[in-house]
Amino acid sequence: MSSDGGSNNINTLHKTQSSPAIENAIDRSAPNFTAALEKDETSYFDTNPPPPELEEFSQAAEAFVKLHCEHQRRVVLVTSGGTTVPLENQTVRFIDNFSAGTRGATSAEYFLEAGYAVIFLHRQFSLLPYSRHYSHSTNCFLDFLSEAAPTDAGSRKNSIVAREEYTAKMLSVLRKYKHAKRENLLLLLPFTTITSYLFLLKELAMKMRPLGGKALFYLAAAVSDFFVPRERMAEHKIQSGDFAEKDGEMELINPTAPGAGKKLIIDLDPVPKFLKRLVESWAPAAMIVSFKLETDSKLLLTKCRLALKRYSHHLVIGNLLQTRKYEVVFVDPESNYWLRLPQSTEEENGGKFASKQDSEIEALIVPEVVRRHGALIWDVVAATRSS
Ligand SMILES: CC(C)(COP(=O)(O)O)[C@@H](O)C(=O)NCCC(=O)N[C@@H](CSSC[C@H](N)C(=O)O)C(=O)O
């Protein structure tokens, strides 16, 4: 990947998808993306620093799991938002993975309504359950308030109705949020970098072991596939020119030499594919659901099936970047089928324009995941009774 003055803009990439730049972007000589083995796990966690908050979050998760074990409650770890790949140790630049956090935050609300306790491992400052309705919203609540009292009766009535509708919805969200906090049903744990995410995912999985089959992993976070190993990480901000000390001052070397405004060539290593370690070692009794994000519809099903084969977990939910808000595909070892929101049109709504979809796709996704999790728990109970 190079950033040489914008020649890699989206249009150029789209027209020349098979350009040399794209072909050479990935080192095909390296072995294919294989699932991480125990040695990869040891190597990664021994050579990368844990996040400073690891111990604090581990203790919070342990207390949270203990409380819900006592209540025989199911606990879901929802991961949400994108992980970053820092380019410098004192980070000024980083590579980010796309995710607003809508999938995770919305799903967490539906899991809470289904009676789960939720550990919400999320990208810092991304959308959160309940506050998502207002925190990043484009239709700011201030738009519903007017500085001056409306003059005519009609405007007065519309303004009151709008305020009442808005207040009613806000009260409903507020009551659910307050209940979740009062009953300690929602634990919010933030991450930023890919390394922090992986340390926390492993630690939380270990802390969730007492739940046995009542633990569910719902991996909606957009996880980096590449990173800069510590030994190749620049300590300070990467400079576009070279500097040297002269008479106690730092001076720019050859400011006019060719290549003075140098290209930035980034050399990334693949992130070990830890999903296999989660399935086999970190959370062997839990149900594990991962999401697969693609932009090319021709690839989606194949990539979902490849993930299932590679990681041997229970379910992959596939989605396309451009349609992720209203359709997903459930892929398990036996079958695959689509869940789609009804697409409302102006006519169907009696001429009253409705948004492209009338509800949230998570209202379909989460109940189906909950059903499958219940069936899995029952299978284990039945097997235990018959043995
Ligand atoms: C990110 C979105 C699309 C939601 O978007 P927002 O609502 O805006 O937040 C989510 O639905 C999704 O596909 N999440 C998963 C995306 C992802 O990175 N999936 C990985 C697989 S799961 S991460 C697995 C990890 N790399 C490993 O193998 O260890 C992939 O597609 O490759």
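Student: In this predicted model, which strands and which helix each supply at least two residues of the lining of the second largest pocket?

Tutor: Strand E2 (84–86), strand E5 (186–191) and helix H8 (194–207) each do so. The space in this pocket amounts to about 480 Å³, and of its 26 lining residues the closest to the centre are Pro 49, Pro 86, Thr 193, Thr 195 and Ser 196.

Student: Why do residues count as lining the pocket?

Tutor: A lining residue must have an atom within 4 Å of a grid point of the pocket, and 26 residues line the second largest pocket. By class, 13 of them are nonpolar, 9 polar and 4 charged.

Student: What makes the approach of Ala 220 to the ligand a polar contact?

Tutor: The pair must consist of N or O atoms within 3.5 Å; a backbone N or O atom of Ala 220 lies 2.9 Å from a nitrogen atom of the ligand, and therefore the pair qualifies as a polar contact. By the same cut-off, Phe 274 qualifies, because one of its backbone N or O atoms lies 2.9 Å from an oxygen atom of the ligand, and so does Phe 291, with a polar backbone atom 3.1 Å from a ligand nitrogen.

Student: How much of the ligand's accessible area does the protein cover?

Tutor: The protein covers 93% of the 730 Å² that the ligand has on its own. Helix H5 (102–113) and strand E11 (287–294) are the elements that give two or more residues to the surrounding shell, and E11 gives the most, with 3 residues.

Conventions: Residues numbered from 1 in each chain as written. Predicted model: local features only at pLDDT ≥ 70, side-chain atom pairs only at ≥ 80, totals over all residues. Heavy atoms only, no water. 1 Å grid on protein atoms, 1.4 Å probe; cavity = no way out; pocket = protein on both sides within 12 Å on 5 of 7 lines; lining within 4 Å. Points joined across faces, edges and corners; volume = space filled by probe spheres on them. Helix = DSSP H or I, 4+ residues; strand = E, 2+ residues; numbered from the N terminus. Nonpolar A, V, L, I, M, F, W, Y, C, P; charged D, E, K, R; others polar. Polar contact = N/O pair within 3.5 Å; in protein donor to acceptor, adjacent residues only side chain to side chain. Areas by Shrake-Rupley, 256 points an atom, 1.4 Å probe, with all protein chains shown as cover.
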